[in-house]
Amino acid sequence: MRHTNSYWSYNKNASVYLTEDQLREIFMQLDVNHDNVLSRDEIKKAFDYIGAWFPGYRARDGIRHADANGDGVVDLNELDDLVNHACKIGYYIK
């Protein structure tokens with residue numbers, strides 16, 4: 001799912017990384033059912049949105065890094081770990 005009405009995009013030639021706050025906002029915008037819990041599908045859509053290669057893999061890997069209680073989703077208490085993981089990978093804005 002690509003969002004064309006936004007300024008967020010992936011561009012390896014850009015020099016400005018997405019900040020933690022920007023990544024957090026993207027993840028929360030894609031919490032489509034507004035339950036403050038990110039499912040694997042929602043995380044996959046977020047990684048697709050920011051242009052990740054293999055967003056399904058990135059979602060599984062993100063859950064592996066962030067899901068402290070092992071319930072298979074990322075809740076608000078675990079969101080910072082998911083954001084930190086995404087920051088380490090490095091995504092950019094135009």
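**Exercise 1. Is Asp-61 buried or exposed, and what is its relative accessibility?**

Before the solution, two conventions apply. The model is a predicted one, in which local features need pLDDT of at least 70 and side-chain atom pairs count only at pLDDT 80 or more, while totals for chains, interfaces and linings use all residues. Residues are numbered from 1 along each chain as its sequence is written, and side-chain values use heavy atoms, with hydrogens and water left out.

Solution. Step 1: take the cut-offs, by which buried means under 20% relative accessible area, exposed over 50%, and partly exposed in between, with a 1.4 Å probe and protein chains only. Step 2: apply them to Asp-61, which counts as buried because its relative accessibility is 9%. Step 3: look for a charged partner, using the rule that a salt bridge is a side-chain nitrogen of Lys or Arg within 4 Å of a carboxyl oxygen of Asp or Glu. Asp-61 forms such a bridge with Arg-64, the closest N and O atoms being 2.7 Å apart. Step 4: place the pair, taking helices (H or I, at least four residues) and strands (E, at least two) as DSSP runs numbered from the N terminus. Arg-64 and Asp-61 are 3 residues apart in helix 3, so about one helical turn separates them. Unlike Asp-61, which is buried, Arg-64 is exposed, with a relative accessible area of 61%.

**Exercise 2. Describe the salt-bridge network that joins Asp-21, Arg-24 and Asp-80.**

Solution. Step 1: count the salt bridges, which come to 4. Side chains of opposite charge can pair when their charged atoms come close. Step 2: begin with the bridge between Asp-21 and Arg-24, where the N to O distance is 3.0 Å, and note that both residues lie in helix 1, 3 residues apart, about one turn of the helix. Step 3: record the accessibility of these two residues, Asp-21 being exposed at a relative accessible area of 56% and Arg-24 partly exposed at 22%. Step 4: follow Arg-24 to Asp-80, with which Arg-24 forms a salt bridge whose closest N and O atoms are 2.7 Å apart. This pair links distant parts of the chain, since Arg-24 is in helix 1 and Asp-80 in helix 4, 56 residues apart. Asp-80 is partly exposed, with a relative accessible area of 42%.

**Exercise 3. Explain how Phe-47 takes part in the aromatic cluster.**

Solution. Step 1: apply the ring rule, under which rings of Phe, Tyr and Trp (its six-membered ring) pair if their centres lie within 6.5 Å, with planes under 30 degrees apart counted as stacked, over 60 as edge-to-face and the rest as tilted. The count comes to 2 aromatic pairs. Step 2: classify Phe-27 with Phe-47, a pair that is edge-to-face because the ring centres are 5.6 Å apart and the planes stand at 75 degrees. Phe-27 in helix 1 and Phe-47 in helix 2 are 20 residues apart, and the relative accessible area is 2% for Phe-27 and 0% for Phe-47. Step 3: classify Phe-47 with Tyr-91, a tilted pair because the ring centres are 6.1 Å apart and the planes at 55 degrees. Tyr-91 lies in the loop between helix 4 and strand 4 (92-93), so its pairing with Phe-47 of helix 2 ties together parts that are 44 residues apart in sequence. Step 4: combine the pairs, and Phe-27, Phe-47 and Tyr-91 form one aromatic cluster.

**Exercise 4. Set out the composition of the largest nonpolar core and the contacts of Leu-82.**

Solution. Step 1: define a nonpolar core as a set of buried Ala, Val, Leu, Ile, Met, Phe, Trp, Tyr and Cys residues joined through side-chain atoms within 4.5 Å. Step 2: the largest such core has 21 residues, and those with the most contacts inside it are Phe-27, Ile-43, Phe-47, Ile-50 and Leu-82. Helix 1 (20-29), helix 2, helix 3 and helix 4 (79-89) each supply at least two of its residues. Step 3: take contact to mean heavy atoms within 4.5 Å. Leaving aside neighbours within four places in sequence, Leu-82 is in contact with Phe-27, Leu-38, Ile-43, Phe-47, Gly-62, Ala-66 and Val-74. Step 4: turn to helix 2, whose buried residues are Glu-42, Ile-43, Ala-46, Phe-47, Asp-48 and Tyr-49. The elements that cover them include helix 1, strand 2 (37-38), helix 3, strand 3 (74-75) and helix 4.
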